[in-house]
Amino acid sequence: MCGIVGYTGEQECTEMLLKGLERLEYRGYDSAGIGETCPAGIAVRRAAGRISCLRKKIEEEPIAGRTGIGHTRWATHGKPSCANAHPQSSQNGRVAVVHNGIIENYKELRQELEAQGVAFTSETDTETVAQLLEFYYQGNMQKTLEKVLPMLKGSFALGILDAAAPNTLYAARRQSPLVIGLGEGETFIASDITALLDHTRTICFLEDDDIAVLTPAKAAVFNLQGRQQSRKTEQISWNQQAAQKGGFDHYMLKEIFDQPKALEDTLNHYIDREAMAIRPNTIPFTKEQALAITGISIAACGTAYHAAAMGKAMVEKLAKIPCRAEVASEFRYDDHPSSPQEVFIAVSQSGETADTLAALRREKEAGCWVLAVSNVIGSTISREAQGVMYTLAGPEIAVASTKAYLTQVLLLTLLALELGRLRGEIDEKTMKSYLTRLLALPAQVEQVLADAPQVKAFAAAQSSCSNIFFIGRLADYYTALEASLKLKEVSYLPAQAYAAGELKHGTIALIDENTLVVGIATQNKVREKTFSNLEEVRARGAKLLLITGEGCTIPGELWRLPTNGEIEGPLLAAVYGQLFAYYMALQQGCDIDKPRNLAKSVTVE
Ligand code: F6R
């Protein structure tokens with residue numbers, strides 16, 4: 001939930017750390033700090049609030065080290081305050097630590113240290129790590145980490161400074177993301193690669209319980225027994241431009257407008273246009289494997305769960321395989337029976353979401369074959385899965401997920417089509433026609449985006465609206481769920497999604513003349529039924545907005561989709577939902593890219 005960055009090299013690093021934190025601010029933004037090794041020891045500057053508050057503090061009290069760590073926080077233990085901000089230091093100032101994750105047994109460890117006379121100054125679990133490292137100091141930090149890390153229960157990505165080793169940066173991880181960047185005479189750590197793109201694209205991913213020792217010349221990785229480990233380096237193709245706003249007022253809007261390209265990149269990776277077929281080895285199933293599948297479970301959280309639900313609809317429609325989509329935080333604990341003939345799919349933009357990862361581990365242990373759909377190369381979920389399909393959405397910075405969602409749905413649709421083909425449910429001709437239709441999606445999304453001014457004008461006229469419902473049936477219900485989540489998280493307006501036929505079983509009592517009902521109708525066999533449900537709410541005073549490809553003469557605002565296709569419709573309707581959420585939030589004056597109480601990557605349960 002927090003962002004970490006670290007540097008050691010020839011340059012003064014304060015600005016690099018601050019810029020890196022600004023890129024990571026989406027991960028958490030209630031307090032921030034940096035620490036650097038200086039001749040007099042480790043200097044720390046911290047501030048409650050955004051990175052801009054930290055900047056101000058550093059302007060007043062500058063520091064100029066060449067080895068440093070930085071942190072932007074999303075509070076879990078202790079309120080957002082200067083004292084609880086990271087780096088957390090040990091009582092004699094020998095050690096400073098930045099941390100992402102949760103130390104589950106910190107209370108016991110803290111009590112033991114306090115009993116030995118160690119004085120704590122914060123409410124955080126992180127301070128316990130700093131104090132342990134000083135208390136058990138073994139002459140060098142690597143040896144100390146080998147002793148202390150096994151004492152910790154829970155998850156951590158750590159950046160550590162040792163006053164006795166001013167040109168060395170230490171890092172360690174377990175279950176929380178941390179990457180190493182390798183530059184010319186400088187090395188880096190960061191929670192994700194967007195913080196490093198200005199400096200290097202040569203990245204190395206740490207594994208659980210790795211200890212990294214970074215000097216300007218190199219990064220060496222060791223296990224808990226002190227044996228050096230070899231870790232593969234990768235070249236990342238994302239560039240900094242892709243991670244910047246590019247003239248848009250907000251990342252969210254930029255990422256909504258990135259979607260034609262995100263879809264195009266993903267389509268080009270998976271579809272061979274000449275053969276009009278799925279490229280070999282991009283979808284990790286052979287015919288034998290596809291025929292042997294008895295069922296598929298897909299689990300994910302939030303927006304990724306809505307993509308999972310859409311995936312379920314596509315798998316059942318196109319591959320005719322029984323499929324269920326579950327919220328990962330429930331699925332990881334519920335009593336569902338798992339069978340080794342089943343496939344499990346984890347969908348996660350970040351590839352780090354704690355509940356999705358736990359669901360994946362549970363199914364893997366039960367003998368299911370597990371597949372990851374992720375946007376982040378080398379993320380924990382993609383590394384732990386037995387197969388991985390990457391969305392090529394590029395970096396998604398806004399907290400509200402948009403382009404990752406669209407590419408997730410696209411990928412699950414491609415997977416459903418390929419499984420259908422391999423199982424003989426879809427013949428070659430039909431397959432080609434589906435793929436041809438999907439290839440038209442980027443241009444169709446452009447058409448929807450061209451309606452942004454109409455969406456903006458409509459949003460501006462909704463000030464009297466106190467209650468918003470999104471309704472739809474089948475796949476449209478899942479789009480309704482996603483549109484309603486998007487609206488809630490960025491505009492803080494109360495919104496609900498309902499299966500259109502279910503509304504009249506109680507909830508219709510909430511409908512009055514201050515209600516806006518958004519009807520989504522892209523699925524042919526239920527299109528007319530959704531129209532009838534809209535008539536029902538109109539008769540009770542609701543204002544209507546309809547998103548559909550054809551038909552319907554009900555009075556109200558109409559956003560016409562460029563196609564009637566059932567597999568394209570939900571994706572296109574989702575784009576209208578995103579634009580609507582964005583413009584509603586804009587007129588409410590909300591902090592769109594960093595909504596209150598949220599963080600981009602939920603690495604705690
Ligand atoms: C909403 C949103 C969240 C994420 C969820 C899962 O816009 O972004 O609901 O979708 O936290 O995150 P990932 O996909 O990284 O597992």
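**Entry 1: the end of the antiparallel sheet**

I began at strand 13 and strand 14, which run antiparallel and are joined by two bridges. The model I am reading is a predicted one. Looking up the register, I found that Val221 has Gln229 of strand 14 as its bridge partner. The two strands make a hairpin with five residues between them, and in its turn I noted Gly226, whose phi is positive at about 85 degrees.

Going back along the chain, I looked at how strand 13 pairs with strand 12, and found an antiparallel pairing over four bridges. Here Ile211 has Phe222 of strand 13 as its bridge partner, and the connection from strand 12 to strand 13 is a hairpin through four residues. Strand 12 (residues 210–214) is also joined by five bridges to strand 8 (residues 169–174), again running antiparallel, and on that side I recorded Ala212 of strand 12 as the bridge partner of Ala171.

I then traced the whole sheet, which is open, has seven strands in the order 5-6-7-8-12-13-14, and is paired antiparallel. Strand 5 (88–89) and strand 14 (228–229) are its edge strands, each of them pairing on one side only.

**Entry 2: helices 4 and 5 beside that sheet**

Which strands does helix 4 lie across? I found helix 4 (residues 126–135) across strand 5, strand 6 (95–103) and strand 7 (154–162), with a direction at about 135 degrees to that of strand 6. Within helix 4 I picked out Gln131 and asked whether Gln131 is buried or exposed. Its relative accessibility is 2%, and since the cut-off for buried is under 20%, Gln131 counts as buried. Leaving aside residues up to four places away in sequence, I listed the contacts of Gln131 as Ser89, Ser90, Gln91, Leu113, Val118, Ala119 and Phe120.

For helix 5 (residues 141–148) I checked burial residue by residue, and six of its eight residues are buried, so helix 5 is largely enclosed by the rest of the structure. The buried ones are Met141, Gln142, Thr144, Leu145, Glu146 and Val148. Asking what covers these buried residues of helix 5, I found that the cover includes helix 4 together with strand 6, strand 7, strand 8, strand 12 and strand 13 (219–222).

**Entry 3: the parallel sheet**

Next I turned to an open sheet of five strands, in the order 24-23-25-26-27, in which the pairing is parallel. Strand 24 (495–499) and strand 27 (557–560) stand at the edges with a single partner strand each, so one side of each has no neighbour in the sheet. From one strand to the next I noted an average twist of 20 degrees. Strand 23 (residues 467–472) pairs with strand 24 in the parallel sense over five bridges, and I placed Phe470 opposite Ala497 of strand 24.

I then looked for helices lying across these strands. Helix 16 (residues 452–460) lies across strand 25 (515–521), strand 26 (543–548) and strand 27, and runs at about 155 degrees to strand 27. Helix 19 lies across strand 23, strand 25, strand 26 and strand 27, with an angle of about 130 degrees to strand 27.

**Entry 4: helix 15 against helix 19**

How do the axes of helix 15 and helix 19 cross? The axes of helix 15 (residues 441–449) and helix 19 come within 10 Å and cross at roughly 30 degrees, and I recorded the crossing as right-handed. On the helix 15 side I listed Leu441, Gln444, Val445, Val448 and Leu449, which meet Leu571, Leu572, Val575, Tyr576 and Leu579 of helix 19. Sorted by type, the residues of this contact are nine nonpolar, one polar and no charged. I set beside this the general point that an α-helix has 3.6 residues a turn, so residues three or four places apart point the same way.

**Entry 5: the nonpolar cores**

Last, I looked up the largest nonpolar core, which holds 134 residues, and found that Ile296, Ile345, Leu414 and Phe580 touch the most other members. Helix 19 (residues 569–588) gives the most to this core, namely 13 residues. Apart from that core I noted another, of 28 residues, which includes Leu109, Leu113, Phe156 and Val213. For Ile345 I wrote out the contacts, not counting residues up to four places away in sequence: Ile296, Ser297, Ile298, Ala299, Leu371, Val373, Leu412 and Leu415.

Note on methods. Residues numbered from 1 in each chain as written. Predicted model: local features only at pLDDT ≥ 70, side-chain atom pairs only at ≥ 80, totals over all residues. Heavy atoms only, no water. Core = buried A, V, L, I, M, F, W, Y, C linked by side-chain atoms within 4.5 Å. Buried < 20%, exposed > 50% of the residue type's maximum accessible area, 1.4 Å probe, protein only. Contact = heavy atoms within 4.5 Å. Axes fitted to C-alpha atoms, helices over the stretch in contact; angles between N-to-C directions. Left-handed = near helix turned anticlockwise from the far one by under 90°. Nonpolar A, V, L, I, M, F, W, Y, C, P; charged D, E, K, R; others polar. Pairing = 2+ DSSP bridges.
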